[in-house]
Amino acid sequence: MTQPPAPPGSLPPAPAAAPSPLMVRRFRGFLPVVVDVETGGFLAATDALLQIAAVLIEIDPAGRLYRGETHSFHVKPFENSRLDPASLAVNKIDPWHPLRPAIDERDALGRIFREVRAAIRAHGCRRAVLFDLAFLNAAVARTGIKRNPFHPFSCFDTVTLAGAALGQTVLARATAVAGLAWDKASAHSASYDAERCADLFCLVCNELAASHARAEQRARSLGWQEVVAAPPEPEEDAESTAAATPELPLEQNGESG
């Protein structure tokens, strides 16, 4: 379809900025996204998903990572889902509170996925890699969403990163020894926990900048081909199945706190 002519005297539209290769190079085509959930229990197949938050990771021109936008939603329990009173006592969520702005699981996932796909396109990456895999994969299966931007099994694990870099595997303690702020009253909110995980991830990765630079130099000396920015995907939200790119088979993630 042809575009209508521009009004007289108007400036031509600016060309879309080419994606920076920095994120592509840093994680070999993967875009790290911190996803945290609050649930009605510990069993992904049967327990309700009650909150989901996704925090995007950005990179500056010097290659340092920093926390980007947060996208967070309250979620209605799926039909016949289990709600463990012990879990609700910890996260202090009343699933049936009349003022809780909860939306359907499929709607929440769709909104999160749209933002993640936009970030993937902006950085020229191929797939996103997340930090809270089991409950999200279970929700994707329940809702029948096919265009999932996340890698199906590879993920980054903040427990492992924090344990290796800081000697702590509990989010509150890892944050404290890293010198980051921690508000106990705000904990067990999906958005708050995800943002603290994102801050922690960026801090650890930035501390490893010299190690990454040495590894990148060795990879070049070995003749390994550098990953380049992927061609942009269409922006439409068609429910077409995205082909998986099973690279970097990382361990499945554990709990972040």
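Here is a quick tour of a predicted model, starting with its sheet and ending with one leucine in a loop.

**The sheet**

Let's start with the big layout. Six strands make up an open sheet, ordered β4-β3-β2-β1-β5-β6, with mixed pairing. The edges belong to β4 (102-103) and β6 (150-155); each has a single partner strand, so one side of each lacks a neighbour in the sheet.

Three of the pairings look like this:

| Strand pair | Sense | Bridges | Citation |
|---|---|---|---|
| β1 and β5 (residues 127-130) | parallel | three bridges | |
| β1 and β2 (residues 49-59) | antiparallel | seven bridges | |
| β3 (residues 65-75) and β4 | parallel | two bridges | |

If you want to find these pairings in the viewer, a few opposite residues help. Pro 32 sits across from Val 129 in β5, while Thr 39 faces Leu 49 in β2. For the β4 edge, look for His 74, which stands opposite Ala 102.

**Inside β1**

How many of the residues of strand β1 are buried? The count is 10 of the 10 (residues 30-39), so the rest of the structure largely encloses this strand. Both faces take part: Phe 30, Pro 32, Val 34, Asp 36 and Glu 38 point one way, and Leu 31, Val 33, Val 35, Val 37 and Thr 39 point the other way, all of them buried. Note that Asp 36 and Glu 38 are on that buried list too.

**The core and the helices**

The largest nonpolar core has 56 residues, and the members touching the most others are Val 33, Ile 52, Leu 65 and Phe 150. Take Phe 150 as an example. Leaving out neighbours within four places in sequence, its contacts include Val 33 and Val 35, along with Phe 113, Val 116 and Leu 136. Phe 150 also contacts Arg 127, Ala 128, Val 129 and Leu 130.

Two helices are worth a look against the sheet. Helix α3 (residues 105-123) lies across β1, β2, β3, β4, β5 and β6, and runs at about 5 degrees to β2. Helix α7 lies across β1, β2 and β3, at about 160 degrees to β3.

**Leu 180 in its loop**

Finally, Leu 180 is in the loop that links α6 (171-177) and α7 (190-207). Is this residue buried or partly exposed? Its relative accessibility is 26%, so Leu 180 counts as partly exposed. Beyond its neighbours within four places in sequence, Leu 180 contacts Thr 175, Asp 199, Leu 200 and Leu 203. With Leu 203, the C-alpha separation is 9.5 Å, and the two are 23 residues apart along the chain.

Technical notes: Residues numbered from 1 in each chain as written. Predicted model: local features only at pLDDT ≥ 70, side-chain atom pairs only at ≥ 80, totals over all residues. Heavy atoms only, no water. Helix = DSSP H or I, 4+ residues; strand = E, 2+ residues; numbered from the N terminus. Buried < 20%, exposed > 50% of the residue type's maximum accessible area, 1.4 Å probe, protein only. Contact = heavy atoms within 4.5 Å. Pairing = 2+ DSSP bridges. Core = buried A, V, L, I, M, F, W, Y, C linked by side-chain atoms within 4.5 Å. Axes fitted to C-alpha atoms, helices over the stretch in contact; angles between N-to-C directions.
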